[in-house]
Amino acid sequence: MVNVPTTSHVIDVQLVLDIGVIGYRNHAGKLISILKNNPDCKIKYIYHPTKSENDQFTNNFEKLRDCDAVIIASPNSTHYNFIEKLVENFNGYIFCEKPPVTNNEELKKLEKLTNKWKQKIFFNFMFRCSELSGIIRDRMNSKELGNIIHINIYGTKGLAFKKEYKNSWRADGKTNLHNILDANTIHYVDLISLYLGKIKQSSYFPSLVSNNGTSFDTSYVVVKYDNEVTLSIFNSYATPLINELSIIGTNGYITIKDNNLIIKSPRDTFDENGLFTDPPIYFQSNFSIPNDVENSLKKSLDYFISYVKKDEKFDLELFENSLQTNRLILKLKDTNDE
């Protein structure tokens, strides 16, 4: 099992870090806002190749090498290019948004990085520092659940039926045919793989349900791990809002539905006739997956900053899991490109 990030990593070094950011709009803007409110760091440079040099921006990439850490929040296709440039002559850390790379050639190059660099790069998959990750970690193969045998996830909303969707980048099949796989499914695969290990088999069934745009708006992915546990993930932009997760074990199961987390156990629960019946509630609490996602971005940055301040190495398996997730997404695309 991977040593997964937690939110309890204590910072005890009195140091303000210089941070460089590549990108400044949309998601990069969210990261910048969070960093500006973190007293443990300051943004020294925001890099953009076409921006004029001023107090806020720089178009000189070399200046980033003076930073303690660099945040890569540029378009997906540029991620590896910036990583490659930084590892040439940089002593700091790298926080890179998912996916690590967008093609198999770049993935192979990442695999060849030294362990030193693999332990100084953190890829930001949105569930890594989430409460959901902690729940899975703590309950996986617990007494109340037994051995996990299947996980089922639904993450959907009606985005494809909004007026502005049809002409958005998400709906453009020429450049983002598998946008829902890249934007949604990849995070769930990464989360579950942190705890279940190597992937043995996988299948991907994309479809365009709404007929709005030319990219797939619906995705169904099935994964089987080396330990025989199966995972199914259904993501769509063409249904009502659904955020549900089930983890089924040999002695009990977890469900998260309607902002409510319930664990039912044990398996051997019988009615007056000696027939199996629904197990009693073992544990119950309020839990919102959307709220957890919203909070996890700040937690991920805080986790990253804490390691930079203490000059600690990230768990090597976090890097390897990032590559496994990336490898699977590329493989699924390759088998379904039109």
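In the predicted model, a search covering the whole structure returned zero disulfides. For Cys67, the closest cysteine sulfur belongs to Cys41 and lies 11 Å from the sulfur of Cys67, which is too far for a bond, given that a disulfide requires the two sulfur atoms to be within 2.5 Å. Cys96 likewise takes part in no disulfide, the nearest cysteine sulfur being that of Cys129 at a distance of 15 Å. Both of these unpaired residues are enclosed by the protein, Cys67 being buried with a relative accessible area of 5% and Cys96 being buried with a value of 0%.

A further buried site is provided by Ser215, which has a relative accessible area of 0% and is located in the loop connecting β8 (199–207) with β9 (218–225). The side chain of Ser215 forms a polar contact of 3.0 Å with the side chain of Asn179. When residues up to four places away in sequence are not counted, Ser215 touches, in addition to Asn179, a set of residues including Tyr165, Arg170, Ala171, Asp172, Gly173, Asn176, Leu177 and Leu208.

With regard to helix packing, α1 (residues 27–36) and α8 (residues 289–310) pack with their axes 10 Å apart and at an angle of about 60°, so that α1 is oblique to α8. The crossing of these two helices, α1 and α8, is right-handed. On the side of α1, the contact involves His27, Lys30, Leu31, Ile34 and Leu35, whereas α8 contributes Leu297, Lys298, Leu301 and Ile305.

Note on methods. Residues are numbered from 1 along each chain as its sequence is written. This is a predicted model: local features need pLDDT of at least 70, side-chain atom pairs count only at pLDDT 80 or more; totals for chains, interfaces and linings use all residues. Side-chain values use heavy atoms; hydrogens and water are left out. Helices (H or I, at least four residues) and strands (E, at least two) are DSSP runs, numbered from the N terminus. Buried means under 20% relative accessible area, exposed over 50%, partly exposed in between (1.4 Å probe, protein chains only). A polar contact is a pair of N or O atoms within 3.5 Å; within protein, one must be able to donate a hydrogen and the other to accept it, and residues adjacent in sequence count only if both atoms are side-chain atoms. Contact means heavy atoms within 4.5 Å. Axes are lines fitted to C-alpha atoms, for helices over the stretch in contact, and angles run from 0 to 180 degrees between N-to-C directions. Angles under 35 degrees count as roughly parallel, over 145 as roughly antiparallel, 65 to 115 as roughly perpendicular and the rest as oblique. A crossing is left-handed if the near helix is turned anticlockwise from the far one by less than a right angle, and right-handed if clockwise.
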